[in-house]
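Let's take a walk through a protein model together. Have a look at the sequence and the structure first, and then we'll start from one spot and work outwards.

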Amino acid sequence: MYPSKPHSDILKLIINLNISHFQLTFTPMKRIASRTLTILLIFLTSIATSQKNKVITDGKRRLEGFESHKTMKASSAYKNLAWQFIGPVNISGRVTDIAVVSPKGQNYTIYAAAASGGVWKTENEGTTWNPIFGQEASTSVGDIAIAPSNPDIIWVGTGEANIFRSSMSGSGIYKSLDGGKTWTHMGLPNSNTIARIVIHQDNPDVVYVAVSGHEWTRNKERGIFKTTDGGLTWKKVLYIDDLTGGIDLVMDLTDPNTLYAAMWQRIREKWNDPRNKDSYANSGIYKTTDGGNKWEPVNNGLPQPKYRGRIGIDIARSDPHVLYAFVDNYEFAREFEEDELDSYGRPKGGVIKGATVYRTDDKGVTWVQVSGKTEEMKEYMEKLSATYGWVFGQIRVDPTDENTIYVMGLRLNVSIDGGKTFKRLSGMHGDHHGLWIDPDNANYLVNANDGGIYVSYDKGVSWRNFQNLIPVIQFFNIGYDMDAPFHVYGSIQDHGSRRGIVDLSNGRDKIPAVDFEGAPGGEGSSHAIDPTNPNIVYSAGFYGHLYRTDLSKGLRKGGKYILPKQFPDEPNLRGQWVAPFIISPHNPNILYHGMQYVFHSVDRGDTWERISPDLSHNNPQKSGDIPYQTVFTLSESPLKFGLIYAGTDDGRLHVTKNGGKSWSEIVKGIAANRWISRVEASRYEMGTVYMSQNGKREDDYAAYIWKSTDFGNTWEDISANIPLGPVNVIREDPIDKSILYVGTDIGVYVSKNQGKNWSVLGDLPSTFVHDLIIHPRDNIIVIATHGRGMWAMDANLVNGGRKTERDQ
């Protein structure tokens, strides 16, 4: 086994060797020893330096990397190869915010900011939509704002602030002066998530930004920022510490120097959702009356600081003395009931109050709880955000009536009595993140949720949606079958699992975008389809729950739960959100499933054998709400049965050459503590294996790509000229052994010399490529993106296609 040395350990070893070197006396033998130590010292120093230089955590370096990517794209030999969008065309995806040009009647322009699909614009009330922000370093959007004094001036803050499991980090703030035709990066490159942008009503150069900061690590570029020169320079006007950021911000339109900011102390751990800790004391509401020079806390009447989670705020235009605060309240509500489960089938702990609405009638001097005063409303509010109130936190006040408010959670909720009672507005997709109310006509609402954009003309009684016009679908994975024509499968954030046909009948360059129908699996699933029978579909649902479905019996009737069972005295199984599951390339009845262990079945999952120990670090201090320290990627060699590689989310990688009888750790020389995002055993050389690592959860955007020709005993860095990651997937071409493909958070790269150098592949917009396959029969590349749906390319244009006897 080869434990991976952190940089600090390597440096300590260098120092010790250095001291030993200078303690030697120079006899002939000791001169040889001295030279050996010198060579070793240089070697170890180079390793430490190269690994240190590899890391990209600074926002400016990330932007420089993206500029290099754009240069590579413009000069790529493959720049004119077309990626064809193949769907789905019958659903949309998570939209985090909307901005609407007013007054309505004179304008019909709406902007939709997608969680990981850029910004889309309609100028005809939604009849058609076009992407206008899709070529930037990050197309994850936290907020969008239009200057009240000039509708051509638009600001986009990148980085979804909801920090959901699939949230992507931003690259700063951008500005357009021409209604979205062109964009300029205006700073805050280390912000990573931006929750709110507020523009002065008369002076568009005065802008305030609520920066919630890094999702996974501490950083100082968080809080409230202000510019008075249109973004040329920024001043941090409210800062508490490197864990506390701005999560909401509102301006008093009768006095633009008066603003209220909601601050949220939080961090996401790999094993826990963002949650309050006993030591937390900084979440709360702050007020300024002098344009941000001085801020005072205004929390009288709110829960104690340790109970304040995320807070959303809004001000009543009809009476600016009135504000509402929507607090994710960690005060204890009740014990959980026996066998009570959360939204993902996990046992609940104690139940907190959760969604709680407070009101002030004196501009924040005092707050009074207005929601949950009856038993019926207590239960209603407890369920409003389910077990993840940190995802939501948006509240809006009707601009014409301070007693009508809207609160966003799993559903869109309205109160007409100042928050005392609520009712749900139906007719929309779930999980709500944004709402715009026409200040001139409060019946007109535009809503943003996990299903896209919805418009109501009657105050929420009925809704019009645009789910087939804004294709910002967030796939986690891709699978394929061998049917004719073949299907691709994938799981989608908040839309379950679906499949669509890849139709080549009109030509390989004319693959149509199609509806995707429902498929086995949940919203976080991996899929494997029996290559000899396309009706047999295996789906590993969220956290590794495993099913086998026979589609010939119908989607709902053919599913059998086949997760391996544990004895009562054994540890609970831990599986990742998208747990790995593969069919052996040697026998379609043989299956492998990854939890913290690797399981093996020879009868299509009817019975299982555990063939590995816990392959993770299994550190009890890194155990929480979310399964972590799990196997994330599996690959069996197509050339040798029982030669299996398994990589984990906590940076471990193992190989077995005998079907699991023994395992060896193979991490010598790779990046320490970086998620193993994919391992791919070569189909050409038995000892060759490719592997990628993803540093997202360390806020590291370097590209980690590796090759081994000795079963992982040693690794060669083949990231070469790829300037930026993170890397999500690596694949070997099924026809040409020299060709490799990788999918990153900004696109697809191809190498024709096994990673010595890389080129950007095709005309893809900047998007998060989570998975990639090359269909082994039809030679079509298909990618699953987290924000722009699925796309296909004719691989014949890259690898030349399969040669017939006449071609030989």
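**Starting at one proline**

Set aside the neighbours within four places in sequence, and Pro305 touches Asn276, Tyr280 and Ala281, where a contact means heavy atoms within 4.5 Å. You'll find Pro305 in the loop that runs between strand E17 (296-297) and strand E18 (308-315). Helices (H or I, at least four residues) and strands (E, at least two) are DSSP runs, numbered from the N terminus. Is Pro305 buried or exposed? Neither, quite: Pro305 counts as partly exposed because its relative accessible area is 30%. For that label, buried means under 20% relative accessible area, exposed means over 50%, and partly exposed is what lies in between (1.4 Å probe, protein chains only). To get a feel for scale, go to Leu410, which is 105 residues away from Pro305 along the chain; their C-alpha atoms are separated by 25 Å.

Before going further, a word on what you're looking at: this is a predicted model, in which local features need a pLDDT of at least 70, side-chain atom pairs count only at pLDDT 80 or more, and totals for chains, interfaces and linings use all residues. Residues are numbered from 1 along each chain as its sequence is written, and side-chain values use heavy atoms, with hydrogens and water left out.

So how confident is the predictor? The score to know is pLDDT, the predictor's confidence in each residue, from 0 to 100. The protein chain averages 92, and 91% of the residues score at least 70. Residues 1-32, though, have a pLDDT below 50, and beyond near neighbours in sequence this stretch has 42 contacts in the model. Residues 804-808 also stay under 50, and there the model has two contacts beyond four places in sequence.

Now zoom out to the whole chain. It holds five helices and 56 strands. Along its principal axes, the C-alpha trace spans about 80 × 75 × 60 Å. The radius of gyration, taken over C-alpha atoms, is 27 Å, which agrees with the value near 28 Å for a compact globule of 808 residues; the globule rule is 2.2 Å times the number of residues to the power 0.38. Buried residues make up 62% of the 808. Among contacts in the chain with a separation of 6 or more, 55% are between residues 24 or more positions apart.

A few loops hold backbone details worth a visit. Ala484 and Pro485 are joined by a cis peptide bond, with omega at about -5 degrees, and Pro485 sits in the loop between strand E30 (479-480) and strand E31 (487-492). Another cis peptide bond joins Gly725 and Pro726, with omega at about -5 degrees; Pro726 is in the loop between strand E49 (716-717) and strand E50 (727-732).

Then there's Asp431, which isn't a glycine but has a positive phi of about 65 degrees. Its loop runs between strand E25 (423-425) and strand E26 (432-437), and Asp431 is buried, with a relative accessible area of 6%. Gln754, not a glycine either, has a positive phi of about 60 degrees. Look for Gln754 in the loop between strand E52 (748-751) and strand E53 (759-760), where its 22% relative accessibility makes it partly exposed.
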